[in-house]
Amino acid sequence: MTKTAVITGASSGLGLEFVKLFAKDGYNLVVIARSEEKLLEIKKSYPNINVTVIPKDLSKPDAIKEIVHEMKKHDIKVDVLVNNAGFGLLGSFESLSVEQQLNMIQLNVSSLTELTYHLLPELKKSKSGKILNVASTAAFQPGPNMAVYYATKAFVLSFSEALAEELKEDSITVTTLCPGATKTNFSSVANVGNTKMFSNAMPSEIVAKQGYQALMRGKRVVITGRFNKVGALAAKFLPRQSAAKVAKLVMKEN
Ligand SMILES: NC(=O)c1ccc[n+]([C@@H]2O[C@H](COP(=O)([O-])OP(=O)(O)OC[C@H]3O[C@@H](n4cnc5c(N)ncnc54)[C@H](OP(=O)(O)O)[C@@H]3O)[C@@H](O)[C@H]2O)c1
């Protein structure tokens, strides 16, 4: 039977690359993001698979309940969940609006947690349930001037690794993708395009492919790019205060 993958943030960047990879392997798709037009374009591009379009703002507290309701209504079974939607913001904690930072927590943390919770029973019914959560290399250390964003990604990594262990007996794998700077709309939304970190961003298709392969192999954590792997390792051994100083430096404008 044809498998189904649910992808959040499917309208651009890494999410759109995941769409291409799953579609190539013949998966049916449930695509979620705010931009309805872009999601409908995806549906049009893949006439040979079943693409369900659910336009939704995941930073709204009722969004997940509405998505789950919609999926139940259409009797959609789920084999793979890709929690990819997210955004960041550059700026000191006090200079950024509190509403935007709370929206970020709602999207990057709460909606990811809630969607995982509600789709877990379906994933358990699948013979090969898989979850891919998109964190970031931001997960490995505190991030001054992106404090809330880094904290949301630390949550995603910790939550996903714990869940991977909990779900081992159920044969569900949980993979966390930790990209470093990647060429997508993220940099313009977050206003980080001119920072040292983004001077050497990776192509999104390479990052998504590495995440997809790790997901299919059931790997727990994948960090993309050699430089990012070294950075994550260094963050493990440095005192937290020093790691925070390094993070502050790389987020400085060029
Ligand atoms: N690019 C990087 O350098 C980088 C590095 C590390 C981690 N990441 C992570 O990678 C993930 C994907 O980001 P990206 O780099 O591909 O950036 P992107 O091109 O900006 O894509 C973000 C996706 O999330 C969706 N989205 C944003 N806000 C949403 C909301 N309120 N409700 C529903 N969907 C929403 C966007 O669609 P709509 O605008 O249509 O809603 C879009 O499809 C994020 O979790 C990000 O934190 C990115």
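Contact means heavy atoms within 4.5 Å. The exercises below concern a predicted model, in which local features need pLDDT of at least 70, side-chain atom pairs count only at pLDDT 80 or more, and totals for chains, interfaces and linings use all residues. Residues are numbered from 1 along each chain as its sequence is written, and side-chain values use heavy atoms, with hydrogens and water left out.

**Exercise 1. Determine which residues M146 touches, and place M146 in its core.**

Step 1. Leaving aside residues up to four places away in sequence, M146 touches G88, L89, L90, G91, F186, A190, V192 and M251.

Step 2. A nonpolar core is a set of buried Ala, Val, Leu, Ile, Met, Phe, Trp, Tyr and Cys residues joined through side-chain atoms within 4.5 Å. Buried means under 20% relative accessible area, exposed over 50%, and partly exposed in between (1.4 Å probe, protein chains only).

Step 3. The largest nonpolar core has 54 residues, and those touching the most other members are V6, L58, I67, M71, I131, M146 and V192. Among the elements that each supply at least two residues of this core are helix 3 (63–73), helix 4 (98–125) and helix 5 (147–166). Helix 5 gives the most, with eight residues. Helices (H or I, at least four residues) and strands (E, at least two) are DSSP runs, numbered from the N terminus.

Step 4. Another core, of 30 residues, lies apart from it and includes F22, V80, V207 and A214.

**Exercise 2. Describe how helix 4 and helix 5 are arranged.**

Step 1. The two axes, of helix 4 and helix 5, come within 9 Å and cross at roughly 10°. Axes are lines fitted to C-alpha atoms, for helices over the stretch in contact, and angles run from 0 to 180 degrees between N-to-C directions.

Step 2. Helix 4 is therefore roughly parallel to helix 5, a term for angles under 35 degrees.

Step 3. Residues of helix 4 in this contact include Q101, M104 and I105, and those of helix 5 include V148, Y149 and T152. The residues of the contact divide into ten nonpolar, five polar and one charged. Here Ala, Val, Leu, Ile, Met, Phe, Trp, Tyr, Cys and Pro count as nonpolar, Asp, Glu, Lys and Arg as charged, and the others, Gly among them, as polar.

**Exercise 3. Locate strand 3 in its sheet.**

Step 1. The open sheet has seven strands in the order 3-2-1-4-5-6-9, with parallel pairing. Two strands pair if DSSP finds at least two bridges between them.

Step 2. Strand 3 and strand 9 (221–223) stand at the edges with a single partner strand each, so one side of each has no neighbour in the sheet.

Step 3. Strand 2 and strand 3 run parallel and are joined by five bridges. V31 stands opposite V53, while V30 has T52 as its bridge partner.

Step 4. Four of the five residues of strand 3 (residues 51–55) are buried, so the strand is largely enclosed by the rest of the structure.

**Exercise 4. State where D75 and N145 lie and how exposed they are.**

Step 1. D75 lies in the loop between helix 3 and strand 4 (80–83); its phi is positive, about 50°. At 53% relative accessibility, D75 is exposed.

Step 2. N145 is in the loop between strand 5 (130–134) and helix 5, with a positive phi of about 75°. N145 is partly exposed, at 31%.

Note on methods. Parallel < 35°, antiparallel > 145°, perpendicular 65-115°, else oblique.
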